[in-house]
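Me: I've got a two-chain model open and keep tripping over the words people use for it. Can we go through them one by one?

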Amino acid sequence: MIVDSDVKKSINGVKSALPIVLGYLPIGFAYGLVGVKSGFTISQVVALSLFVYAGSAQFIAISLLSAGTSIVTLVSTIFIVNLRHFLYSTSLSQYMKYISRKHIPILSFFITDETYAVAVTDLQSNSEYTEGYFYQLFLTSYTACVFSSFLGAVSGSLIGGSINVGLDFALPAMYIVLLLMQISGYKKVFISIFSGFLSITLMFILPGNTNVIVAALIGAGMGVLLDKWVRNL
Amino acid sequence: MGTKFIISVIGMFLVTYIPRFMPVYGLTKIELPQAVKSFLEYVPVAVLSALLFPVIFIKDEKLFLDLSNVYLLSAIPTFIAAYFTRKLFTPVVVGIVSYVILSIYY
């Protein structure tokens with residue numbers, strides 16, 4: 001009888017998480033630093049990593065909160081920014097249906113751009129995995145994010161006021177880099193410029209920071225139309 | 001921690017967690033229409049641009065297209081560094097350093 005088949009050899013999630021950890025450490029550190037320098041306490045900065053755990057959304061939350069944005073605007077902006085997790089979750093569901101359902105409410109919290117990308121790559125070429133793989137991958141990445149944002153926040157509170165002036169540009173710089181990483185193809189370049197200037201225009205018309213979410217919704221909608229038009233050409 | 005902060009974190013937790021949880025738990029069996037997928041794909045670009053452009057082009061509620069706009073000027077080396085490194089940390093440092101140097105001159 002085949003006794004060996006009982007011992008299921010799962011892929012190692014910790015090993016798969018290492019590139020993510022290398023990516024999260026500097027980002028988390030920068031986030032912690034900027035968070036404290038924007039006037040938040042260390043525990044507030046870490047709380048966002050613990051409970052929201054979504055890279056760019058945390059930077060956006062910091063800048064909107066420090067600008068005094070209303071809770072409704074803030075939360076709806078974050079909702080739109082993080083709606084892409086819906087896609088990742090949909091895609092992961094075909095792999096996660098093989099593991100016990102009781103793990104799903106916990107595991108699904110840890111889906112990010114990076115953990116999703118790594119998990120899908122691993123699972124496409126491996127059918128031998130258990131929930132252990134997901135816990136290893138997810139918790140290693142999560143720990144890296146929380147730990148590095150804590151380190152960044154502590155460093156930020158230790159460094160004196162002298163570097164404050166430079167950190168004014170940390171968030172815009174972060175936006176530029178994240179934006180460039182997102183842009184592929186001329187359609188996205190167009191949507192970027194369109195949404196950007198729409199946001200500026202709306203800034204003079206709409207109250208608070210609502211220009212961001214309205215411009216983003218119209219901009220993404222414009223992208224859908226663009227996809228339709230270009231395909232029909 | 002202020003009450004506003006705590007409510008904000010709870011709100012952000014919920015709106016981030018629910019889209020992560022629902023599909024994988026099997027609560028949304030429907031296949032997303034192409035238009036929705038396409039929309040979600042454009043959201044990050046649109047949001048980031050909507051956030052960035054006002055910061056670098058506007059000052060004191062006016063369009064600020066001038067060589068003394070330090071934000072706009074610092075954006076250029078940041079953009080170039082981001083284009084070549086494709087990493088997050090180096091371009092941000094390049095941006096901050098450019099900003100500090102330019103702030104001294106202007």
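Reply: Sure, let's begin with handedness: a crossing counts as left-handed if the near helix is turned anticlockwise from the far one by less than a right angle, and as right-handed if clockwise. By that rule, the crossing of α5(A) and α7(A) is left-handed. Keep in mind that this is a predicted model.

Me: What makes α5(A) roughly parallel to α7(A)?

Reply: Helix α5 (residues 85–96) and helix α7 (residues 113–124), both of chain A, pack at an angle of about 30°. Angles under 35 degrees count as roughly parallel, so α5(A) is called roughly parallel to α7(A). Their axes are 11 Å apart.

Me: Which residues make that contact between α5(A) and α7(A)?

Reply: On α5(A) you'll find Y88(A), S91(A), L92(A) and Y95(A), and on α7(A) there are Y116(A), A119(A), V120(A) and L123(A). Sorted by class, this contact has seven nonpolar residues, one polar and no charged.

Me: Now the pair that spans the two chains. Why are α4(A) and α1(B) described as roughly parallel to each other?

Reply: The reasoning is just like before. Helix α4 (residues 71–81) of chain A and helix α1 (residues 3–21) of chain B have axes that cross at roughly 25°. The cut-off for roughly parallel is under 35 degrees, and therefore α4(A) and α1(B) get that label. Their axes come within 9 Å, and the crossing is right-handed.

Me: Which residues of α4(A) and α1(B) make the contact?

Reply: From α4(A) come I71(A), L74(A), V75(A), I78(A) and F79(A). From α1(B) come K4(B), I7(B), S8(B), G11(B), M12(B), V15(B) and T16(B). They divide into eight nonpolar, three polar and one charged. If you're wondering about G11(B), Gly counts as polar here.

Me: What makes α10(A) oblique to α3(B)?

Reply: α10(A) and helix α3 (residues 70–85) of chain B cross at roughly 40°. Roughly parallel needs under 35 degrees, and roughly perpendicular runs from 65 to 115. An angle of roughly 40° fits neither, so α10(A) is oblique to α3(B). The axes come within 9 Å, and the crossing is right-handed.

Me: Which residues meet where α10(A) packs on α3(B)?

Reply: P172(A), A173(A), I176(A), V177(A) and L180(A) of α10(A) meet Y71(B), A75(B), T78(B), F79(B), A82(B) and Y83(B) of α3(B). That contact has 10 nonpolar residues, one polar and no charged.

Me: How many residues of each chain are in contact with the other chain?

Reply: 73 residues of chain A are in contact with 59 residues of chain B. On the chain A side, helix α10 (residues 170–182) gives the largest share, 11 residues. This side of chain A divides into 51 nonpolar, 18 polar and four charged residues.

Me: How do you know that chain B is more spread out than a compact globule?

Reply: You set its radius of gyration against the globule rule. For 106 residues the rule gives 13 Å, while chain B comes out at 20 Å, well over that value, so chain B is more spread out than a compact globule. Its C-alpha trace spans about 60 × 40 × 30 Å along the principal axes. Chain B is divided into domain 1 (1–30) and domain 2 (31–105), with 28 Å between the two domain centres.

Me: What elements do the two chains have?

Reply: Chain B has four helices and two strands, in the order α-α-β-β-α-α from the N terminus on. Chain A has 12 helices and zero strands. The C-alpha trace of chain A spans about 75 × 60 × 30 Å along its principal axes.

Me: Where do the domains of chain A lie, and which helix gives the most to the domain 1 side of their contact?

Reply: The domain assignment gives domain 1 (13–182) and domain 2 (184–233), and 25 Å separate their centres. Across the boundary, 10 residues of domain 1 of chain A are in contact with nine residues of domain 2 of chain A. On the domain 1 side, α4(A) gives the most, with four residues. That side divides into four nonpolar, six polar and no charged residues.

Definitions and conventions. Residues are numbered from 1 along each chain as its sequence is written. Chains are lettered from A and ligands numbered from 1 in the order in which they are written. This is a predicted model: local features need pLDDT of at least 70, side-chain atom pairs count only at pLDDT 80 or more; totals for chains, interfaces and linings use all residues. Axes are lines fitted to C-alpha atoms, for helices over the stretch in contact, and angles run from 0 to 180 degrees between N-to-C directions. Angles under 35 degrees count as roughly parallel, over 145 as roughly antiparallel, 65 to 115 as roughly perpendicular and the rest as oblique. Two residues are in contact if their C-beta atoms, placed from the backbone, lie within 7 Å. Domain bounds come from an automatic or database domain assignment. The radius of gyration is taken over C-alpha atoms; the globule rule is 2.2 Å times the number of residues to the power 0.38.
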